[in-house]
Structure formats: structure tokens, C-alpha cells
Amino acid sequence: MARGELVALLGSSGCGKTTLLRSIAGFVTPQSGRIRIAGRDITALPPEKRGTAMMFQSYALWPHMSVAGNIGYGLRMRGATRETIARRVDELLALMQMQGFAGRSVAQLSGGQRQRVALARALAVDPQLLLLDEPMSNLDYKVRIELRHELRALQKRIGITAVYVTHDREEALTLADRIAVLDAGRVVQYASPEEIFHRPASAFVAGFMGADNAIALTRGSDGRLRSANGNAGDGEPLLAHFRSDVARIEPSAGNATNGRDLCLSGQVVQTQYVGQGYRYRVRTDGADVWAHATTRIDEGAPVAVVVPRDALLLFPRATSPG
């Protein structure tokens, strides 16, 4: 990663993203490989010698200390003078827009304010690399959205290099310069948010990034895509992923066929109202898929799900021998 970048480690619970972050921090010893920061091998160094600072999911603030005491804690452990600590605390309180909070107990703060104090404490020691372990997971949705934008603006303004662990794809897309998607302890794609969202490298990444509709298809010699209906059939076997918001529902296949788009006949089996319209689960001959419509459709109604050809994410599909 480049200096000044924010890289998100994105994946589901248990995929290894926090273990990787703790390995960088020095709390976990890797079984193999090397960890380098700015070309310096830090694999064998203790946490305090690595030039990193970690912001924990729980914030880990000292409840018996004031805001100023928490922010200045790392500097005190490094032997900084009182004047240096006081000056740095004032700088960071101004940066976090928390002037006047220095003497307040952290127990009196809101969740968002505690997050800012934890971030200020991590930044106080001027780390080469800031490590953030799902720092917004405990916050209400509205506060999380606000602080997400604040954190991104702050990170860009001060130019800190950061690694950010999250299981929330929207958070990763919003915050990161680049995203590493992890699965079972391995990085399966490392690219910009735009690349990962629009050009996922695998069916797993496509599904994780929201294209969770998946259906087996075959591509004929004429280039047309058809449902495989559980069989390999004639043509190239493919697995298609697509997002529910790119699929539209028509009363019948005859209203939507243009020879290019994928058209699946089926029946509405579930309805969800999502505020700006409806989300429907449609049972087709190949799979249950989700699609959007602006109007209400009765459950049990026959419909056609139409997906534009350029909205399909296509991957090779393994077929059973014979």
C-alpha cells in the first residue's frame, strides 16, 4: 500500500481479517511470511517498536481517566514531557472538534465522542501506520454514517496511512482507497473499490459485494444466455451473478426480450417493501432470484425477470462428469 492510503480488509466473520490486523500490530506472531512497513521488516519487533497504533473495536478507553488523560496516555508511556503532552492533546482535541472536553470523564461521552477520543489517542503518538479494528460497529446507524465521512475527511487531511477492518461492504466502499477481500484466510482480490464492485474476480467476491443473485446458465454458439435448468445442456457452462436492483420485473417474457438480455420466467413467492418500491423473490426454473419493481405484484403471480446483459457478472461453472 502507498503512503497516505486507507486500505480496507473486508470479509465475513472468521475470514482472518482481524488476525491479519493483529499480526501487523504485533499481537499475533505469523507462522510464515514477513511484515514490512516502509521497507522495514517489523516481523520480530514488539508492538511498541513497530511504528503502529491500533484503535480497538471496544475503544479500550481508561474509564478512570479524563479525555485528556486517555489521549495523552501513549505519550506518557513513551516518556514525553508534560508540556509536549498538553500541546499534543490540545492539537488533537481541536482536530476532533472536541475543544473543552479535556477534563471530562470518558464515561460522560456519547458513543461517537468516545470513538473520537480513541482515534485521537491512536494518532497522538504519530504512528507510521494506523490500524482500525471495526471501530464503528458499536455505533447507531446514523452516527456511523456521519463518523464514516468524518473519518475519511480526517484521514485525507492529515495524510495518515491506515488499515481498516470491516465486514460492511458499504463502509469499505466509502472509506477505502483500496480493498482487500478475504476468504478463509486468503486475500482473494485486492483492488480499488470501483474495480471490486464492478469487476469482481470471482463468484465469491461478486456475491459478497452484493451481486448475490446466482443462476446457472449456458451460452450457446449464437451468444445467447439461457438457464441451464440444473443440467449442463449444450453450450458453455457459466454461473451468472447480478444485483437485485439491476433486474426488472415484467408481466411476461414477451414484453422484454431483445435477444441480448437475460429473461427468466417465474412466479413471485415473496414480497418486501423497501421504501422506494418493492423487492420480490421470484422462483424461476433455475433458481430463486430477487428483483425490484415500483408497483405491487401479488404473490403467486407469473412474471418475467429481465437482467440487462451488461449487468451480468459471468464466471466459469464446473459441471459434473457425464
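Student: In which strand is the place of Met-54?
Tutor: Happy to start there, keeping in mind that this is a predicted model. The strand in question covers residues 52-55, and Met-54 has its place in that run, strand E4.

Student: Is Met-54 buried or exposed?
Tutor: The relative accessible area of Met-54 is 12%. The cut-off for a buried residue is under 20%, so Met-54 counts as buried.

Student: Which residues does Met-54 touch, not counting residues up to four places away in sequence?
Tutor: Let's go along the chain. Met-54 touches Leu-21, Arg-22, Ala-25 and Phe-27, among others. Further along, the list for Met-54 ends with Ala-122, Leu-131 and Asp-133.

Student: How far apart in space are Met-54 and Leu-132, C-alpha to C-alpha?
Tutor: In sequence, 78 residues separate Met-54 from Leu-132. In space, their C-alpha atoms are apart by 5.8 Å.

Student: Leu-132 makes me curious about the core. How many residues has the largest nonpolar core?
Tutor: Leu-132 is one of the residues with the most contacts inside that core, together with Ile-71, Leu-119, Leu-123, Leu-130 and Ile-179. As background, nonpolar side chains tend to be buried together in soluble globular proteins. Here the largest nonpolar core has 46 residues.

Student: Which helix gives the largest share of this core?
Tutor: The share is 7 residues. They come from the helix of residues 111-124, which is H5.

Student: How many residues are in the other core, apart from the largest one?
Tutor: Among the members of this other core are Leu-217, Leu-264, Val-268 and Val-282. Its size is 25 residues.

Student: Back to Ile-179: which residues is Ile-179 in contact with, leaving aside neighbours within four places in sequence?
Tutor: Early in the chain, Ile-179 is in contact with Ala-8 and Leu-10. Its contacts also include Ala-172 and Leu-173. The rest of the list for Ile-179 is Gln-189, Tyr-190, Ala-191, Pro-193 and Ile-196.

Student: Are H5 and H6 roughly parallel or roughly antiparallel to each other?
Tutor: H6 spans residues 141-158, and its axis lies 11 Å from that of H5. The two helices pack at an angle of about 20°. Angles under 35 degrees count as roughly parallel, so H5 and H6 are roughly parallel.

Student: Is the crossing of H5 and H6 right-handed or left-handed, and which residues make the contact?
Tutor: The crossing of H5 and H6 is right-handed. H5 brings Gly-112, Gln-115, Arg-116, Leu-119 and Leu-123 to the contact. From H6 come Val-143, Leu-147, Glu-150, Leu-151, Leu-154 and Ile-158.

Student: How many residues of the contact of H5 with H6 are nonpolar?
Tutor: Let's split the contact by residue type. The polar residues number 2 and the charged ones 2. That leaves the nonpolar group of the H5 and H6 contact, at 7.

Student: Is Lys-156 of helix H6 buried, exposed or partly exposed?
Tutor: Lys-156 lies in helix H6, and its relative accessibility is 46%. A residue is exposed over 50% and buried under 20%, so Lys-156 counts as partly exposed.

Student: What is the sign of phi at Gln-97, and where does Gln-97 lie?
Tutor: Gln-97 is not a glycine, yet its phi of about 55° is positive. Gln-97 is exposed, with a relative accessible area of 62%. Its place is in the loop between helix H4 and H5.

Student: And where does Ala-184 lie?
Tutor: Ala-184 is another residue other than glycine with a positive phi, near 50°. Ala-184 is exposed, at a relative accessible area of 64%. It lies in the loop between strand E7 and strand E8.

Student: Last one: how far apart in space are Cys-263 and Ser-252, C-alpha to C-alpha?
Tutor: Cys-263 lies in strand E13, and at 26% relative accessibility it counts as partly exposed. Ser-252 is 11 residues from Cys-263 in sequence. In space, the C-alpha separation of Cys-263 and Ser-252 is 9.5 Å.

Definitions and conventions: Residues numbered from 1 in each chain as written. Predicted model: local features only at pLDDT ≥ 70, side-chain atom pairs only at ≥ 80, totals over all residues. Heavy atoms only, no water. Core = buried A, V, L, I, M, F, W, Y, C linked by side-chain atoms within 4.5 Å. Buried < 20%, exposed > 50% of the residue type's maximum accessible area, 1.4 Å probe, protein only. Helix = DSSP H or I, 4+ residues; strand = E, 2+ residues; numbered from the N terminus. Contact = heavy atoms within 4.5 Å. Axes fitted to C-alpha atoms, helices over the stretch in contact; angles between N-to-C directions. Parallel < 35°, antiparallel > 145°, perpendicular 65-115°, else oblique. Left-handed = near helix turned anticlockwise from the far one by under 90°. Nonpolar A, V, L, I, M, F, W, Y, C, P; charged D, E, K, R; others polar.
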